[in-house]
Amino acid sequence: RNKFAAQEQHARRPLLSPGALGGRIIVRSRTEFDRTDAAGYSAANFAAAKPGRVNILEDMTLLLVAEAILRVILGWRMLISGLSNVRRWPNPVNTASILFPRGAAFFGFVATFLMVAGGLGLAVGMQTPICAVMIMIFLLPTLALHAHWLKVLPTMAPVVTAALKDEKARNYFRSFERQSYHAHEVGIRDNLVFVAAAAYFAVRGSAAFGVDNWLSGWVVAIF
């Protein structure tokens, strides 16, 4: 019985991973994951608890850094697109009118707001779950937008080609046509990747190096 008790105690011994900034550490149990403060639990303590596994601290640090880089890049990507929409207004309204003929100005504004606010929040790790959902809400209609152009471009291109009399201009336009069609094909796949990444952060939140990690008490968890 004592032997089984010792084995059970060892199985519940916590694994450490670097957590939020400010000296907090996330303690991960072998049987479940929960977040607690583990002040004073050093790498030396961990080495004594599990010889040969000290590198897990370094591995978890690299994982958190990689995760933070992904979050920042995704947020930055959406933020710069949103700021571009602000500079090119009312172009977002014209784009929104393709999917929403009625209320195009409203939907153009909403799309721009979601990109700017969601992208900025995701990049700095502030209310990360909410901002990630905002990005998802923006991205999902864009799949239909890309599909629209994939359907329309093949019907528009012959009309323009026939109107061009200069052969050199025709060749240039054919190149533009191919590149435009390919861009929308890739756009659907790229946006699916963005949706998947945003969904991850909607569930995960900011694991480290974000505003949420300093002010964890105010973060609104969605899932």
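**Helices, a nonpolar core and aromatic pairs**

Thr128 has its place in helix H6. In this predicted model, Thr128 makes a good starting point for a walk through the fold. Its relative accessible area is 0%, so Thr128 is buried. Apart from neighbours within four places in sequence, the residues in contact with Thr128 are Arg71, Leu122, Phe201, Gly205, Ser206 and Asp212. One of these partners, Phe201, likewise has a relative accessibility of 0% and counts as buried.

Stepping back to the whole protein chain, eight helices and two strands can be found. Read from the N terminus, the order of elements is α-β-β-α-α-α-α-α-α-α. The protein chain has 223 residues, and 33% of them count as buried. How much of the contact network links residues 24 or more positions apart? Among contacts in the protein chain with a separation of 6 or more, such pairs account for 63%. On the outside, the protein chain exposes about 13,500 Å², and 66% of this area is supplied by carbon and sulfur atoms.

The interior can be followed through the largest nonpolar core, which has 16 residues. Within this core, the residues that touch the most other members are Leu74, Met78, Leu122, Ile135, Phe138 and Leu139. At least two residues of the core come from each of H3, helix H5 (104-124), helix H6 (128-163) and helix H7 (167-204). Which helix gives the largest share of this core? That helix is H7, with six residues. Ile135 offers a detailed view of the packing: leaving aside neighbours within four places in sequence, Ile135 is in contact with Met78, Leu114, Met115, Gly118, Gly119, Leu122 and Ala198. Leu122 is thus a contact of Ile135 and also a contact of Thr128.

Helix H6 also contains Ala144. Is Ala144 buried, partly exposed or exposed? With a relative accessibility of 41%, Ala144 counts as partly exposed. Ala144 and Ile98 are 46 residues apart along the chain, and their C-alpha atoms are separated by 9.8 Å.

Aromatic rings add another layer to the picture, with a count of four aromatic pairs. One of them joins Phe100 and Phe107, whose ring centres are 4.0 Å apart with 15 degrees between the planes; this pair is stacked. Both partners are partly exposed, Phe100 at 29% relative accessibility and Phe107 at 31%. A contrasting arrangement is seen for Tyr200 and Phe201. Why is this pair edge-to-face? The ring centres of Tyr200 and Phe201 lie 5.2 Å apart and the planes stand at 80 degrees, and planes over 60 degrees apart count as edge-to-face. Tyr200 is partly exposed, with a relative accessible area of 37%, whereas Phe201 is buried at 0%. A single aromatic cluster is formed by Phe100, Phe106 and Phe107.

Nonpolar side chains are found on the surface as well. Val65, Ile69, Ile73, Trp76, Ile80 and Phe209 form a nonpolar patch there, and together these residues have about 540 Å² of accessible area. Trp76, a member of this patch, lies in helix H3, which covers residues 55-87. Its relative accessibility is 49%, so Trp76 counts as partly exposed. Helix H3 therefore holds a residue of the surface patch, Trp76, and also supplies at least two residues to the largest nonpolar core.

How values were computed:
Residues numbered from 1 in each chain as written. Predicted model: local features only at pLDDT ≥ 70, side-chain atom pairs only at ≥ 80, totals over all residues. Heavy atoms only, no water. Helix = DSSP H or I, 4+ residues; strand = E, 2+ residues; numbered from the N terminus. Buried < 20%, exposed > 50% of the residue type's maximum accessible area, 1.4 Å probe, protein only. Contact = heavy atoms within 4.5 Å. Areas by Shrake-Rupley, 256 points an atom, 1.4 Å probe, with all protein chains shown as cover. Phe/Tyr/Trp six-rings, centres within 6.5 Å; stacked < 30°, edge-to-face > 60°. Patch = residues over 30% accessible without salt bridge, like charges linked within 9 Å, V, L, I, M, F, W, Y side chains within 5 Å. Salt bridge = Lys/Arg side-chain N within 4 Å of Asp/Glu carboxyl O. Core = buried A, V, L, I, M, F, W, Y, C linked by side-chain atoms within 4.5 Å.
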